[in-house]
Amino acid sequence: MSLNYFLPTKVLLDEDCVKKNAELLGPLGKKAIIVTGKHSARVNGSLQDVRDALASQEIDYILFDKVESNPTILTARQGAAFAKENNADFVIGIGGGSPMDAAKAIALLACQELSDDELFSGQYKNEILPLVLLPTTAGTGSEVTQYSILTNDKAQSKTSIATPLLFPKIAMVDAKYTVGLPLKTTINTAVDALSHSIEGMLAIKANSLIDLLATESITKIAGSFGKLLSGDIDAACRAELIYASTLAGIVIAHTGTTAVHSMGYSLTYFHHIDHGRANGLLLAAFFAFVEKKNPSVIRHLLDIMGLKDLAAFKNTLGSLLGEKEKIDRQDFEKFADIAIKAKNIANCTVVPTRQDLYNMYVESFE
Ligand code: NAP
Ligand code: ZN
């Protein structure tokens, strides 16, 4: 039995939590920079709720609405320059993982001059703009993690800035913003959250308290498989999924991710496969790999999901994710070379070799 828990973020998961907690924004400053993607925050009500909350506290704001999916270092630098030019006191990130991660990098870069290499070095001054994050997808859990994952062309992959400085001061989590999320994004993001909780339980940094959170999160997501498969996703299911994804975020804040994420980044970088989908395509092969050395942990995970065996897990993921992309075996050689260099490989309880990674890629796409 072991315990290890640290979460310096105030998590407010509730209907209308932005409106109900507007007064918490007052102490953060006089001017906010709101960071969003190009479109969805205007449509799902989140941006308006934040504007109203800021107005109620007489806080001015500027809007940086240029964040693309899988944000680049350049986008973060542009946002940080905009924050500095306008003397923003704090950052509000609204959106899926992409705008939330960009918001974190912007908060850091607005206070510190860092080269691209220094950005991922883990060595920073103790200076960052305060952060408030609102998720509008139920997947990444970025609202409760200390990671910002940026597209890094130098590494030909996605690289994490990882520092406790990036924990937001406040996470405001309201399922109502996810109601209009298209089915495909709903599934991909739910699978991302599932992957976080599963990988958390298979990570060397797992501990018994975090296992409890991961178990709750996996139970909720697996309980939604039927609705996700039918496409009939009601408000109750949305609420369960965002609760599960925030828990899964707390899980990876403590455990980190494993080989699944390391391998998934190449699928996103080179083939533009959505982040959650990339993980989902690889999960069953990772289960099969771990099962050879540790069948009981895989049996335990299948039991939590109420699944008979690994084949049932593979079938469920297959039905959720649909037809797989066609990828050349040669590409997998390159991806295995990249993934083996990732830090999360050493975080696996059963550590794969480069050949194991290659085999998992092949198995996942055959
Ligand atoms: P995303 O890239 O943030 O968003 C995907 C798409 O969904 C975008 O087109 C977005 O539109 C749209 N969207 C967002 N919310 C919506 C809503 N409520 N209704 C309708 N459309 C909506 O996708 P994501 O899967 O949430 O995030 C993926 C990113 O998070 C990746 O970069 C991944 O590496 C990162 N990640 C970070 C962590 C962490 O701990 N920091 C963990 C896992 C993953 P708009 O662009 O118009 O908003
Ligand atoms: Zn993820």
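**A friendly talk through the model**

Colleague: Let's start with one residue: in which helix is F286 found?
Modeller: Happy to, keeping in mind that this is a predicted model. F286 has its place in helix α12.

Colleague: Is F286 buried or exposed?
Modeller: Its contacts beyond four places in sequence are with L202, T258, A259, V260, C348 and M360. The relative accessibility of F286 is 1%. The cut-off for burial is under 20%, so F286 counts as buried.

Colleague: What separation do the C-alpha atoms of F286 and G26 have?
Modeller: Along the chain, F286 and G26 are 260 residues apart. In space, their C-alpha atoms are separated by 46 Å.

Colleague: Which domains is the protein chain divided into, and how far apart are their C-alpha centres?
Modeller: Domain 1 takes in 10-177 and domain 2 takes in 182-365. Their contact draws 26 residues from domain 1 and 22 residues from domain 2. Between the C-alpha centres of domain 1 and domain 2 the distance is 25 Å.

Colleague: Now the sheet: in what order do its six strands lie?
Modeller: The sheet is open, and its pairing is parallel. Reading across the six strands, the order is β1-β8-β5-β4-β2-β3.

Colleague: Which strands stand at the edges?
Modeller: An edge strand here has a single partner, so one of its sides is left without a neighbour in the sheet. That applies to residues 10-13 and to residues 60-67. The edge strands are therefore β1 and β3.

Colleague: By how many degrees are neighbouring strands turned against each other on average?
Modeller: The figure refers to neighbouring strands of this sheet and ignores direction. On average, the turn is 15 degrees.

Colleague: What angle does the direction of helix α10 make with that of β1?
Modeller: Two helices are worth setting side by side here. Helix α3 (residues 46-56) packs on the sheet against β2, β3, β4 and β5, and its direction makes about 155 degrees with that of β4. Helix α10 (residues 235-255) also packs on the sheet, touching β1, β5 and β8. For α10 and β1, the angle is about 170 degrees.

Colleague: How many residues of β4 are buried?
Modeller: On one side of β4 are F90, I92 and I94, and on the other are V91, G93 and G95. Both faces are covered, with all of these residues buried. The count for β4 is six of six.

Colleague: How many bridges join β4 to β5?
Modeller: β4 also pairs with β2 in the parallel sense, over four bridges, and there I33 stands opposite V91. Towards β5, V91 has L131 as its bridge partner, and I94 has L134. The bridges joining β4 to β5 number five.

Colleague: Which residue of β8 stands opposite L133?
Modeller: β5 (residues 131-135) and β8 (residues 170-173) run parallel and pair over two bridges. V132 faces I170 in this pairing. L133 points from β5 the same way as L131 and P135, and all three are buried. Opposite L133 in β8 stands A171.

Colleague: On to the metal: which residues are the protein donors of the zinc ion (ligand 2)?
Modeller: The donors lie 2.1 to 2.2 Å from the zinc ion, and their spacing along the chain is D-x3-H-x64-H-x13-H. H261 in helix α11 and H275 in helix α12 are 14 residues apart, and both are buried. The protein donors are D192, H196, H261 and H275.

Colleague: Is the arrangement around the zinc ion (ligand 2) regular or irregular?
Modeller: The four donor atoms subtend angles of 85 to 168 degrees. A tetrahedral label needs all angles between 85 and 135 degrees. The spread of angles makes the arrangement irregular.

Colleague: Last one: what phi does E58 have?
Modeller: Most residues other than glycine have a negative phi. E58, in the loop between α3 and β3, is not a glycine, yet its phi is positive. With 68% relative accessibility, E58 counts as exposed. Its phi is about 55 degrees.

Terms used. Residues numbered from 1 in each chain as written. Chains lettered and ligands numbered in written order. Predicted model: local features only at pLDDT ≥ 70, side-chain atom pairs only at ≥ 80, totals over all residues. Heavy atoms only, no water. Pairing = 2+ DSSP bridges. Axes fitted to C-alpha atoms, helices over the stretch in contact; angles between N-to-C directions. Contact = heavy atoms within 4.5 Å. Donors = N, O, S within 2.8 Å, 3.2 Å for Na, K, Ca; no water. Tetrahedral: all angles 85-135°; square planar, octahedral: opposite > 155°, others 65-115°. Buried < 20%, exposed > 50% of the residue type's maximum accessible area, 1.4 Å probe, protein only. Domains from an automatic or database assignment.
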